[in-house]
Amino acid sequence: MTSVPVTATEIERVFRQEYGRAVAVLVRLVGDLDSAEEAVQEAFTTAVRQWPSTGLPPSPAGWIITTARNKAIDRQRREALRPGRHADALLLHTRDEPAEEGPVRDDRLRLIFTCCHPALAETAQVALTLRLLGGLTTAEIARAFLVSEPAMAQRIVRAKAKIRDARIPYRIPADADLPERLRPVLAVVYLVFNEGYLSGSGAAPVREQLCAEAVRLARLLAELMPDEPEVLGLLALLLLVQSRRPARTAPDGTLVLLADQDRSRWDAALVAEGQALVRRCLRLGRPGPYQLQAAINAVHSDAPSAAATDWGQIVQLYDRQMALAPTPVVALHRAVAVAETDGPQAALALVDALDLDAYHLTHAVRADLLRRLGRDAEAARAYREALTRTTNEAERAFLERRLRELS
Amino acid sequence: MKQYLLSMYQPQGELPGPEFLAAVMADLGVLRRELESTGSWVFGQGLHDPATATVLRPSGGEVLVTDGPFTEGKEYLGGFTVIKAPDLDAALAWGRRYALATHLPIEVRPFQGEVEG
């Protein structure tokens, strides 16, 4: 046994890193989410008590899983009311060593597919994934999604009850079902990231935690499903967007547009990793929406300055995205790229043809194009339209600044 | 094994033509035989339309008899099937086939408790 001094932060780190893995193994052993969570939490409580004097065990994850399993066995022996087959299943597995990589990997994948089962509402999928795989507390999730803690707790309780009562299986879907079942999984990770990256409200630390958690989940998915190009595409996309975080806000907290960002402040390691993933996706030759979005971001990351951006290639990538899944939002982003290749007049015609009036970005893009065309009065009107449609403080500050600059 | 209720919701108004219904009935027949041969069939039947329903309400020890369905809506329960399945995914797979056969939305809901396989 080693005797490395253990701090509360260290245990916190192990908790973040290993909670999902431990819960995933325990669910397989005890067959029930609540008991699995209780056992893992008890194990961490024991760790907090013991590790400061015993030191960090050689395999903290293994220690947590073994301790949680023992807690679960104790509990089941105490509670004679538990259905016998659960106790039997548990005893059957007790001789296995828990920390083997293979089954543990599968367990986490099973847990992700259970949390993101299409029979659960998306809000519940997100909450369960963050709770069970991310180890976030209910209070943290509630804060991140601007929901009261009791409401979030109820959402999680209901989702767990549905999993148990409707018997949503704890299983990796068959290959034939994988594309359909993967979609909500990727959507949940993407949504968690966007909530952290784009949300205007909520404290900055909570938002950063969400982005970090989304990247961690995307990394896990890429590790577990290395041959799924959309999984790699999602990870690449998140890494490339995340790489710009240091340059994205000015010291006063206002938003800095991509074109105005100090590119030397981009995280070079994340850029390199994201671009390598995009190249790996290309070789797999099965493009999808996340891969194309990642590729577009890789083109931006390639450019040493905004002026050096290969907009022609970006328009082509948007064309491919439109061919795959034409949505007005993609068309709007495509128009922004067209403004760079064919000029603001051509782009304005595209934006005006869109049926996307409720979206604040439509008006912000129109305003910018009109401004560049010297049509200031119309631009001012469009900025005001955009302002009535967003509550995001950073975006509001940006739009108000542009509006002031016009007059 | 668990039991699941597959409810078929039908829109109010004119029924589709006889040819359409014959095709639906034929598909449902195939589905039923498959459910039976795999030991998954429990019970199922179409219902007469909601105008044939009668509602009984307890009221101060008495029971009030009224005409009509319990709730009026744009859709009504047109029929249901009870199946046995190992888990929700298996039940949803059957439900999906009912949706395609009937061209109607299907609600899949678990019964409480367990049954013998």
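Buried means under 20% relative accessible area, exposed over 50%, and partly exposed in between, with a 1.4 Å probe and protein chains only. This is a predicted model, where local features need pLDDT of at least 70, side-chain atom pairs count only at pLDDT 80 or more, and totals for chains, interfaces and linings use all residues. Residues are numbered from 1 along each chain as its sequence is written, chains are lettered from A and ligands numbered from 1 in the order in which they are written, and side-chain values use heavy atoms, leaving out hydrogens and water.

Reader: Is B:Leu15 buried or exposed?

Author: Happy to help! B:Leu15 sits in the loop between β1 (2-11) and α1 (18-37) of chain B; helices (H or I, at least four residues) and strands (E, at least two) are DSSP runs, numbered from the N terminus. Because its relative accessibility is 53%, B:Leu15 counts as exposed.

Reader: And is A:Ala127 buried or exposed?

Author: Let's look at chain A. A:Ala127 belongs to helix α6 (residues 122-133). Its relative accessible area is 1%, so A:Ala127 is buried.

Reader: Which residues does A:Ala127 touch, not counting those up to four places away in sequence?

Author: Good one! A contact means heavy atoms within 4.5 Å. Leaving out residues up to four places away in sequence, A:Ala127 touches A:Ile141, A:Met152 and A:Ile156.

Reader: What share of the residues of chain A count as buried?

Author: The secondary structure of chain A comes to 20 helices and zero strands. Of its 407 residues, the share that counts as buried is 49%.
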